[in-house]
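Me: I'd like to learn how to read burial, contacts and surface patches in a structure. Could you walk me through one?

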Amino acid sequence: MVKITALLVLKCIPEGSDPVILVNASDLSSFGFFQRPSVKEFIIFVGRTVAKRTPPGQRQSVQNDEYKVHSYNQNGLCVLGFMDDHYPVRSAFSLLNKVMDEYQKNFGDSWKTVQTDNAQQWPYLSEALTKFQDPAEADKLLKIQRELDETKIILHKTIDSVLERGEKLDSLVEKSSDLSAASQMFYKQAKKTNQCCTIL
Amino acid sequence: MAAVATSSFRDRTSEFVSLSNTLRRIGGNTLPSPQSQPSNDPSSVTPDRSEFNKNASRIGLRIHQTSQKIDRLSNLTKRSSIFDDRSKENEELSALIKNDITSLNMAISDLQTLQNMEIVERNYSGDRVVHLTAVCDDLKSRLMNVTKQFQDVLTARTKNIKAHENRKQLFSTAISREHPLKKPPNSVTEPPPWSTSSDTSGGNLQSGSSGNGVPAGNQLRRRMATDMNPSSQFEVSMLQQVVPRQESISQGRAAALQNVESTISELGGIFTHLATMVAEQGELAIRIDDDMEESLSNVEGARSALLKYFNKMSSNRWLMIKMFLILILFLAVFIFFVL
């Protein structure tokens, strides 16, 4: 399944020097317990490298074994996402956009002064990590497409049931016409018996 | 001398032979040897003139070939549709034709200068001058016809392209509307290829040969196609935009939007379908209703008739009892009589 492994926000204004990690949120549940620290280090290292190599105002995607790292650098603030190959690229970048906007709303420009990896806790990021495991959440287009497909399926089912209803109505029509014929015969018989035995 | 001259020629070999004889008799040592060579060209007395004719015949042949190519191009144009990626051939062919036309132009102007030079040099008689000018004019007019044909074909082609554009726009208006809203400044990776291509296209436009608007426009499109870099604006004007080819974000988004739009239209169709079916079934329901009412009235009438009968039967009983008693009395009397 599609999965996000980590989301990082880094500061890379002094270009050329190592970027500074501002917030880090990762979901390492898929790794064994003993691998987690090394994976964490690996994420930090790769994140720094990619952020360093992303020029400002650009987006990049780097393939790394089975992971893709998507990075978006906007005026020195860099947002990174570690996702697996199946995660659609578009939703990845829209997610990065969202995180970027949220961060700027929350922290304004205070990140520019940070010099060390303080790794401040930002609950939004960890929430975002869990919420956006499903790419449809991040990308409205995907959501719309999915809902439309569901609607289409429902409509198909509706049409099938309407067809069944049509069949039942057909049988009802037949039965009612038979009934009306039978009642007519009944009426005539009744009149006949009435007329016949007036003498007695 | 491969004289496949498109101009008709008269076989004046006999005249030529007689002329050479008379000149030899007069003492024509000045005449060079090619005179004695048999040839099919009319009045080919001097090698210069024959060279002129050679060039003229060659030019005529090339004009003919160019017109054939133009016919092929027009056939291709008619046959191309949105989903038929023939525009590359079209464009190559039109480039080829353009080159031919320009070279022919140059050749004809050379020929004309040659002719003028000869006239000045050799002081030809009036007939020869007239002949030379006639040949030149003929070739020029033929070339003009060919260029006109070419122009017509190109206009037809641009009309085709515009028609395809319009049809594409019918299906992708949402894309062009969305893009101003949704397109973020992510096209940073794309502007560099774009700027180079726009530069080359600008340069190309300036160096346009025939100076027509139509061929230049086609050149521009050709440049875009060969650059293989469709972005949002040129997406719609490209003929080969059936399947999204690149992985860029805006492309992906445009494709997704197209999908969404087609799904929505499908849904609309399904709804109308549903509506018609339900209307039909409503009619069926009305029929059932009528039948039921009819049977209801029948049954009610029968019920009343039976009720009347029942009443009659129940009211007549006393009379019937009396009648039966009388009958039994009569029977008894008869039995007594027999006994």
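Reply: Gladly! Start with burial: a residue is buried under 20% relative accessible area, exposed over 50%, and partly exposed in between (1.4 Å probe, protein chains only). This is a predicted model, where local features need pLDDT of at least 70, side-chain atom pairs count only at pLDDT 80 or more, and totals for chains, interfaces and linings use all residues. Residues are numbered from 1 along each chain as its sequence is written, chains are lettered from A in the order in which they are written, and side-chain values use heavy atoms, without hydrogens and water.

Me: Is Leu306(B) buried, exposed or partly exposed?

Reply: Leu306(B) is partly exposed, because its relative accessible area is 34%. Leu306(B) lies in helix H8 (residues 249–315) of chain B; helices are DSSP runs of H or I, at least four residues, numbered from the N terminus.

Me: Which residues make a nonpolar surface patch with Leu306(B)?

Reply: Patch members have over 30% relative accessible area and no salt bridge (a side-chain nitrogen of Lys or Arg within 4 Å of a carboxyl oxygen of Asp or Glu); nonpolar side chains (Val, Leu, Ile, Met, Phe, Trp, Tyr) are joined within 5 Å. Here Phe186(A) and Val299(B) join Leu306(B) in a patch of about 220 Å², with areas from the Shrake-Rupley method and a 1.4 Å probe.

Me: And what does Val39(A) touch?

Reply: Contact means heavy atoms within 4.5 Å. Leaving aside residues up to four places away in sequence, Val39(A) touches Leu28(A) and Phe31(A). Val39(A) counts as buried, because its relative accessibility is 14%.

How values were computed: Patch = residues over 30% accessible without salt bridge, like charges linked within 9 Å, V, L, I, M, F, W, Y side chains within 5 Å. Helix = DSSP H or I, 4+ residues; strand = E, 2+ residues; numbered from the N terminus.
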